[in-house]
Amino acid sequence: MRKFADIHLKLFEMNDAVLTRTAKLIRDMGIDIVGIVVPQTLKQFEMSRIRTVLTKTGINVATRVDLNPKNRSQLLSDLRSVRKRFEIVAVECRSHEVAAVACRDRRVDIISLPINNRRITYRMSLGGRYRASLEINVAELISTGNLPRHVVLSRLRDVVSKVKSNHIPIVLSSGADNPLLLRAPREIAAIGTVLGMQSAEALDAVSTTPIAIVELNRKKLSHEYVTTGVKIER
Amino acid sequence: MPRKPSRYLLLKVETDDAIPEEAIHLSVTESVLTLFGETGLAEISPRLFDYDEKTLTGIVKCTRGSVDKLRAAIALISTCAGKPVSAYVQAASGTSKALQTRGQSRSRDT
């Protein structure tokens, strides 16, 4: 049976009531692995409290950090400080300078492009250098802000067609900032098909691709891991 | 004329308040209409029935080839009768009877 993941949950409030409701919804929707965005400055005991509330319902929790650097040097210094502490590292590219570095740095797992900024678009020239996966958040389609939904749809379809032609993995996530913005994985995959993905590709974007990212990073963060293909056997 | 094959989806709505059946049906129809237009609505022809206001679950019928489209439209529902909601499909089946039994067993569990 296919396992599903939603690796972008950035809750505004993280009190026990919100977390319990979120956990119940996640379980009902059939999501197995969830990536929760935690601030870089969050204390260790707070992080373990969040993890405990969510894991109580049988959900596998991965910690994620969203970086929003202004330039290349800030991105590199942020990556140095967070890579060993979080299971998922995502970068929102605010400029082409940041995108060019983030897309080829092996410490970056996920890249997202701001949908409301036309100047930052996916460039085909970067395609061959991509190591990271590109993330599309369904929340951008649900609450489109001041942009009409058809414009957001058109931009996302454009990104998907370019990314597909470069064989870059796509991750579809909810991007929920409150429990009511959560969506079930098969519904998220259905949105992927609306954006121009094949049915199987869209299902992979909510299951195998994000799960592979989490599993690889957990392996890398373990004490036995040395480098690709090398690990310490005790 | 042969009958068109249908699929049935067990729809669950998550919200803080009670929502009447008409409001849910209207939200589903409007979402399909916004996303796929009138031809899409005619092709999908969604119909809500067996809705339970206590458990906020109902069954949506659609044509067989349009399940993905209906799921996408359901995912984009964010408000219903002016209240914020999250709608999702709990199960899909070829018969409504299978979903009715599943819905009853789920409501017993909760």
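A residue counts as buried here if 20 or more other C-beta atoms lie within 10 Å of its own, and as exposed if 12 or fewer do. Keep that in mind as you click around, and remember that this is a predicted model.

**Stop one: helix 6 of chain A**

Select residues 149–165 of chain A, which make up helix 6. Colour Leu156(A), Val160(A) and Val163(A): these are buried. Now look down the helix axis. The buried residues fall within an arc of 70°, so they line one face of the helix. The general rule behind such a pattern is that an α-helix has 3.6 residues a turn, so residues three or four places apart point the same way.

What do the buried residues pack against? Strand 6 (133–137) and strand 7 (170–173) of chain A. Flip to the face turned away from the buried side and you'll find the exposed residues His150(A), Ser154(A) and Ser165(A).

Check the length while you're here. At 1.5 Å a residue, the 17 residues of the helix should span 24 Å, and the end C-alpha atoms are indeed 24 Å apart. Then step just past the end of the helix to His167(A), which takes a positive phi of about 55°.

**Stop two: strand 6 of chain A**

Next, select strand 6 of chain A, where 5 of its 5 residues are buried. In a regular strand the side chains alternate between the two faces of the sheet. Here both faces are covered: one side has Ser133(A), Glu135(A) and Asn137(A), the other Leu134(A) and Ile136(A).

Add the strands that pair with strand 6. Strand 5 (residues 110–112) of chain A runs parallel to strand 6, joined by 2 bridges. Strand 7 of chain A is also parallel to strand 6, with 4 bridges between them. Put Leu134(A) in the centre of your view: Ile111(A) stands opposite Leu134(A), and in strand 7 the bridge partner of Leu134(A) is Ile170(A).

**Stop three: the core around Ile111(A)**

Stay on Ile111(A). The largest nonpolar core has 93 residues, and Ile111(A) is, along with Ala102(A) and Leu172(A), among those with the most contacts inside it. Leaving aside neighbours within four places in sequence, show what Ile111(A) is in contact with; the list includes Val91(A), Cys93(A), Ala99(A), Ala102(A) and Leu134(A).

**Stop four: Asn60(A)**

Now jump to Asn60(A), in strand 3 (residues 60–67) of chain A. Why does Asn60(A) count as partly exposed? Because Asn60(A) has 15 C-beta neighbours inside 10 Å, a number in between the cut-offs for exposed and buried. Beyond the residues up to four places away in sequence, Asn60(A) touches Asp32(A) and Ile33(A). For a sense of scale, draw a line to the C-alpha atom of Arg157(A): the separation is 31 Å.

**Stop five: the sheet of chain B**

Switch to chain B, where 4 strands form an open, antiparallel sheet in the order 2-3-1-6. The edges are strand 2 (47–52) and strand 6 (86–93), each pairing on one side only. Neighbouring strands are turned by 30° against each other on average, direction ignored.

Zoom in on strand 1 (residues 6–14) and strand 3 (residues 57–63), joined by 7 bridges. Leu9(B) stands opposite Val60(B) there. Then bring up helix 2 (residues 67–75) of chain B, which packs on the sheet and touches strand 1, strand 3 and strand 6.

**Last stop: where the chains meet**

Show both chains together. The contact takes 13 residues from chain B and 19 from chain A. On the chain B side, helix 2 and strand 6 each give two or more residues, and the largest share, 5 residues, comes from helix 2.

Key:
Residues numbered from 1 in each chain as written. Chains lettered and ligands numbered in written order. Predicted model: local features only at pLDDT ≥ 70, side-chain atom pairs only at ≥ 80, totals over all residues. Contact = placed C-beta atoms within 7 Å. Pairing = 2+ DSSP bridges. Axes fitted to C-alpha atoms, helices over the stretch in contact; angles between N-to-C directions. Expected span 1.5 Å × (residues − 1). Arc of directions from axis to C-beta. Core = buried A, V, L, I, M, F, W, Y, C linked by C-beta atoms within 7 Å.
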